[in-house]
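This briefing covers one protein chain, topic by topic. Please keep the sequence and the 3D view at hand while reading.

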Amino acid sequence: MAKTQDLKPDTVLKNYWRNNDQFADFFNAVLFDGRPVIRPEELEDVDTEESVILEHRKYAESIKASRDNIKIQKRSRTHGVEFVMLGLESQEHIHYAMPIRVMGYDYSTYKKQYDSNAKKYKTADGMKPDEYLSRMKKTDRFMPVITVVVYYGEKPWDGALTLHDMLHIPEEMKKYVNDYQMLLVEARQNNLVLHNSNNIDLFHLLEIILDKSIPGNEAKAKAIQYSEEHQTDKSVIMAVAGATDGKLDYHAFEKEGGRMCTLFEEIAKEGKMKGREEGREEGKAEEIVETGMEFHLSEQEILDRLQRKLNITPSKAQEYYRQYNRQMV
C-alpha cells in the first residue's frame with residue numbers, strides 16, 4: 001500500500017512560493033543580487049500544467065510536464081507592456097538529468113505560447129506565404145522564460161548544470177552543439193541577498209537543518225532558538241518541514257516547549273489529517289490498478305474506473321496509473 005506522509009514536500013513548497021512577495025524577493029536575489037527589479041504587484045499566477053504534442057511525419061507524441069510554480073511578470077513601459085515568465089522548480093534530490101528536464105519545461109512553455117499565437121491565423125489574409133506556413137508573423141514575439149531550480153538536499157549538488165555537462169562531445173565539435181544552462185540555488189549554502197523576512201528565515205533554518213557537520217539534536221536546538229528569536233512565521237516552519245521531508249521530527253520539539261513547539265505540533269496534526277485522506281485515496285487507487293491489471297483491462301478502462309470510483313481528474317487518474325502500473329512491471 002502507498003505510504004502515508006505527514007507533509008507533502010511539493011505541495012507545501014508550492015504553497016509557500018505562491019506568495020508574490022516571497023517569490024519576487026527570491027528572483028531578485030537570484031537574478032539581480034537583491035535589487036528590487038521584480039515587484040510583487042507585477043506578478044500573476046499561471047497554470048502550472050504544460051502539455052505539448054511533438055509532431056513528426058510518422059508519429060505524434062503527447063508530453064505533459066507540470067511545473068512547481070510559474071508566474072508572469074507584467075510591467076508597463078513607455079512603448080507598451082513587457083512580459084516575462086518566471087518558473088521555480090523545487091528539487092529534494094539530485095537529478096542528474098536536470099538540465100534536460102528544465103529544457104523540457106521551458107520548451108513546453110514556449111510551444112504553448114506558439115500554439116496559442118498560431119490559432120489567430122486561420123486564413124492567409126494579411127500574411128505573406130512564409131508567415132502563413134509558419135503560422136507566425138515575422139513581427140510576432142513570445143514571452144521569455146526564466147527557470148530557477150531550488151535544491152533542498154543536504155548533499156552538495158554534483159549533477160550537471162548545463163546540457164554540455166551531460167554529453168560526450170569531441171572538442172572540435174563543441175562550439176557547434178547548442179548548450180542549455182540551468183540556474184541552480186542550493187538551499188543548504190548560498191549567497192542570496194534576500195530582503196523578505198520569511199525568505200531570510202526560510203534559508204537560515206534550511207542552512208541549519210541541512211548542515212551535516214552539526215549533530216541532529218544540536219541542529220534542532222539551533223532551529224528552535226532561531227525561530228524563537230526571530231518569531232518565525234508558521235508558513236516558513238511548514239516550508240522547512242516540507243522541504244527537509246522528515247529531517248525534522250515534529251515530536252522532538254514537544255519537550256522543548258515554547259512557540260516553536262506549538263507550531264510544529266499544529267503542523268504535524270494538519271499534515272497527518274491530510275496524509276490520512278491522501279493515503280486512503282492512494283491505497284484505493286493502487287487496488288483499482290492492480291485489479292484492473294489482473295483482469296487484463298485496458299489502460300482506458302482502468303483510467304475510467306479510477307476517475308469514477310475516486311472522483312478525480314483524468315490527469316490524476318493517469319498519475320496513479322503510471323505510479324502503480326510501474327510497480328507491477
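In this predicted model, the largest nonpolar core has 36 residues. The residues with the most contacts inside this core are Trp17, Phe26, Phe27, Tyr152, Leu202, Phe203 and Leu206. In soluble globular proteins, nonpolar side chains tend to be buried together.

**Nonpolar cores**

- Seven elements each supply at least two residues of the largest core: the helices α1 (9-17), α2 (20-32), α5, α6 (216-230) and α7, and the strands β5 (80-91) and β6 (145-151).
- Helix α5 gives the largest share of this core, with six residues.
- A second core is separate from it and has 12 residues, among them Leu310, Ile312, Tyr321 and Tyr324.

**Trp17**

- Residues up to four places away in sequence aside, Trp17 touches the aromatic residues Phe23, Phe26, Tyr152 and Phe203, as well as Leu88 and Leu202.
- The other residues touched by Trp17 are Gln22, Asn69, Lys71, Ser90 and Asn199.
- Of these partners, Phe26, Tyr152, Leu202 and Phe203 are listed with Trp17 among the residues with the most contacts inside the largest core.

**Lys71**

- Lys71 belongs to strand β4 (residues 69-77).
- Lys71 has a relative accessible area of 1%, and it therefore counts as buried, the cut-off being under 20%.
- A polar atom of the Lys71 side chain lies 2.8 Å from the backbone oxygen of Arg18.
- With neighbours within four places in sequence left aside, the contacts of Lys71 include Trp17, Arg18, Asn20 and Phe23.
- Lys71 is also in contact with Leu43, Glu44, Asp45 and Val46, and with Val84, Met85 and Leu86.

**Packing of α5 and α7**

- Two packed helices are described by the angle between their axes and the distance between the axes.
- For helix α5 (residues 197-209) and helix α7 (residues 234-244), the axes come within 9 Å and cross at roughly 35 degrees.
- The crossing of α5 and α7 is right-handed.
- On the α5 side, the contact is made by Asn198, Asp201, Leu202, Leu205, Leu206 and Ile209.
- On the α7 side, Ser235, Val236, Ala239, Val240, Ala243 and Thr244 take part.
- Sorted by class, the residues of this contact are eight nonpolar, three polar and one charged.
- Leu202 and Leu206, which belong to the α5 side of the contact, are also among the residues with the most contacts inside the largest core.

**Loops and positive phi**

- Thr123 sits in the loop between α3 (98-118) and α4 (129-134).
- With a relative accessible area of 42%, Thr123 is partly exposed.
- Thr123 and Arg135 are 12 residues apart along the chain, and their C-alpha atoms are separated by 9.5 Å.
- Arg135 is placed in the loop between α4 and β6.
- Arg135 is partly exposed, at a relative accessible area of 28%.
- Although not a glycine, Arg135 has a positive phi of about 55 degrees.
- Gln231, in the loop between α6 and α7, is another residue other than glycine with a positive phi, here near 50 degrees.

**The chain overall**

- The protein chain contains 10 helices and seven strands.
- Of its 329 residues, 41% are buried.
- Among contacts in the chain with a separation of 6 or more, 64% are between residues 24 or more positions apart.

Key. Residues numbered from 1 in each chain as written. Predicted model: local features only at pLDDT ≥ 70, side-chain atom pairs only at ≥ 80, totals over all residues. Heavy atoms only, no water. Axes fitted to C-alpha atoms, helices over the stretch in contact; angles between N-to-C directions. Helix = DSSP H or I, 4+ residues; strand = E, 2+ residues; numbered from the N terminus. Left-handed = near helix turned anticlockwise from the far one by under 90°. Contact = heavy atoms within 4.5 Å. Nonpolar A, V, L, I, M, F, W, Y, C, P; charged D, E, K, R; others polar. Core = buried A, V, L, I, M, F, W, Y, C linked by side-chain atoms within 4.5 Å. Buried < 20%, exposed > 50% of the residue type's maximum accessible area, 1.4 Å probe, protein only. Polar contact = N/O pair within 3.5 Å; in protein donor to acceptor, adjacent residues only side chain to side chain.
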